[in-house]
Each structure stands twice: as C-alpha cells, then as structure tokens.
Amino acid sequence: MTADANNPGRVLVTGGASGLGAAVVDAVLKAGGTPVVLDRDISSVSGVKAFEVDVADRLAVEAAVREAAETVGGLDGVVTAAGIDRCGKLADVDATEWEKVIGVNLMGTVSVVRAALPYLKANHGRVITVASTLGKRAVADATAYCASKFGVVGFSHALAAETGGEIGVTTIIPGGMKTRFFDDRTEQYKPQDDSRLNDPANTAQAILFALNQPRGCEVREMLICHEEEGSWP
C-alpha cells in the first residue's frame with residue numbers, strides 16, 4: 001500500500017462508469033488515490049484510466065485486469081461494483097437473462113478478483129466485494145439477483161478465510177441507492193418512494209473506510225443503508 005494511510009492507492013473499480021462504481025471512483029480520486037475503471041460502456045468516463053469490458057466474459061476480464069494493472073504499475077485495491085438485475089417470477093424470466101445476472105454479479109466478481117490476485121498479493125492489497133441486503137434476505141421475483149448476491153457473500157467469506165494475512169477482503173452490503181440501477185425495470189419493480197434510497201456517495205465512503213484500514217486490521221463485512229431501508233432486516 002501507499003505510504004500515506006489515508007490514500008487508497010491504485011484501485012480497480014468494476015462498473016466504475018456509473019452508479020456506486022462512479023461514486024467510488026470519485027471518492028478514491030478525492031482521497032488522492034488512482035482509480036482505474038472497468039465497465040462495458042466507458043464513454044462517460046473522463047480523467048481516469050478506463051477499459052471497456054463485459055465482466056461476464058472471463059477471458060476478456062483477465063486481459064483487461066492485466067492491462068489495467070500494468071498501466072498503473074500494480075494494484076492496491078479492487079472494488080467489484082458492477083451489477084445487473086432481471087426481476088420477475090422464475091418461470092417468467094428468460095433463462096438466458098436469468099443466467100446473465102449470475103454471470104455479471106457472481107461470476108464477474110470471481111473473475112475480476114481471480115485475475116487481480118497476483119497484483120494484490122504483491123502489495124498486501126484489498127478486495128471490496130459489493131453484495132446487497134438481498135444477499136442476506138430473500139424476496140419474491142428476485143431469484144436471480146438473490147442467488148447472485150448470496151453467492152457473492154459466500155464467495156467473499158471463503159476468500160477471506162483463504163487469503164488471511166495475504167490480502168484484505170471486505171464484503172459491502174448496501175441497501176437501495178439513488179442510481180440508474182432501477183431504470184430498466186418495469187414500473188411494478190421500481191421503488192415507489194426514492195426518499196428511502198441511500199446516496200451512493202455514502203456507500204463509497206464506507207468502501208473508502210475499508211480500503212484505508214491500517215495493516216493487520218480488516219473490516220470483514222459492512223452493511224450500509226438509508227435509515228428507513230425497507231429490505232433490511
């Protein structure tokens with residue numbers, strides 16, 4: 001890690017072009033760090049290094065992570081903020097779309113972390129995986145999303161056990177946030193009251209807190225949400 005304990009260093013952010021990912025990029029920049037973006041659409045990204053990739057494509061991820069790490073001379077942190085959803089009853093959601101959620105949210109997280117491990121181990125870096133309150137509590141019409149986020153929680157806990165002393169692993173569990181995440185949903189699956197959605201900048205600050213822990217101290221899991229969050233507990 002960088003010599004300045006308040007500087008998160010070189011941080012790879014998936015989904016960094018929008019939503020929570022963009023908020024993390026902004027927080028890292030303001031803290032004096034060097035964010036690097038991985039996203040399937042980087043047209044809106046400016047001022048930081050960005051690489052276009054679909055995190056569900058493992059081979060493309062391996063190449064993109066390698067190029068990103070080499071561009072900034074290594075990695076001190078990885079934040080896996082890329083995520084999608086496909087709402088509906090299991091019988092009604094097209095199987096390809098259902099599996100795409102698992103491909104992006106779970107397998108994409110795994111692929112990025114696996115590709116980044118050598119760089120993180122070289123610097124005793126940190127992985128921040130982004131799960132969800134729906135990785136703790138299941139709801140109807142969200143079988144794909146819940147399966148993917150429960151999977152992220154399990155993967156992250158197992159990774160922390162496997163890599164203790166080598167890298168840090170934190171699972172961030174955010175509640176609903178004011179992002180464009182809900183834009184492509186049908187009306188019945190959109191939040192009817194966005195006053196109970198958290199500002200993604202708040203979640204980004206929690207992520208920064210985890211990234212900036214002193215050597216030997218790890219925040220293993222953190223749940224952060226609006227004070228009136230409806231999906232927790």
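Student: What covers the buried residues of H4?

Tutor: Before answering, keep in mind that this is a predicted model. The covering of the buried residues of H4 includes helix H3 and the strands S5, S6 and S7.

Student: Which residues of H4 are buried?

Tutor: A residue counts as buried when its relative accessible area is under 20%. In H4 the buried residues are Ala 144, Tyr 145, Cys 146, Ser 148, Lys 149, Gly 151, Val 152, Val 153, Ser 156, Leu 159, Ala 160 and Thr 163.

Student: How many residues does H4 have, and what follows just after H4?

Tutor: H4 has 21 residues, and from its first C-alpha to its last it reaches 30 Å, which is close to the 30 Å expected at 1.5 Å a residue. Just after H4 comes Gly 165, whose phi is positive, at about 90°.

Student: In what order do the strands of the sheet lie?

Tutor: To read a sheet, one follows the pairing from strand to strand. Here 7 strands form an open sheet with parallel pairing, and their order is S3-S2-S1-S4-S5-S6-S7. The edge strands, each of which pairs on one side only, are S3 (49–52) and S7 (221–224). From one strand to the next, the twist averages 15°.

Student: Over how many bridges do S5 and S6 pair, and which residue is the partner of Val 127?

Tutor: Strand S5, residues 126–130, pairs with strand S6, residues 168–174, in the parallel sense over 5 bridges. Within that pairing, Val 127 has Val 169 in S6 as its bridge partner. Helix H3 (residues 95–123) packs on the sheet, where it touches S1 (10–14), S4 (77–80) and S5, and its direction makes about 165° with that of S4. Helix H4 (residues 143–163) also packs on the sheet, touching S5, S6 and S7, with its direction at about 160° to that of S6.

Student: Is Thr 171 buried or exposed?

Tutor: Thr 171, which is found in strand S6, has a relative accessible area of 0%, so Thr 171 is buried. Leaving aside residues up to four places away in sequence, Thr 171 touches Thr 129, Ala 131, Val 153, Ser 156, His 157, Arg 220, Glu 221 and Met 222.

Student: Where is Gln 205, and why is Gln 205 called partly exposed?

Tutor: Gln 205 lies in helix H5, residues 200–211. Gln 205 is called partly exposed because its relative accessible area is 45%. Positions far apart along a chain can also be compared in space: the C-alpha atoms of Gln 205 and Val 24 are separated by 7.6 Å, while the two residues are 181 residues apart along the chain.

Notes:
Residues are numbered from 1 along each chain as its sequence is written. This is a predicted model: local features need pLDDT of at least 70, side-chain atom pairs count only at pLDDT 80 or more; totals for chains, interfaces and linings use all residues. Side-chain values use heavy atoms; hydrogens and water are left out. Two strands pair if DSSP finds at least two bridges between them. Helices (H or I, at least four residues) and strands (E, at least two) are DSSP runs, numbered from the N terminus. Axes are lines fitted to C-alpha atoms, for helices over the stretch in contact, and angles run from 0 to 180 degrees between N-to-C directions. Contact means heavy atoms within 4.5 Å. Buried means under 20% relative accessible area, exposed over 50%, partly exposed in between (1.4 Å probe, protein chains only). The expected span of a helix is 1.5 Å times one less than its number of residues.
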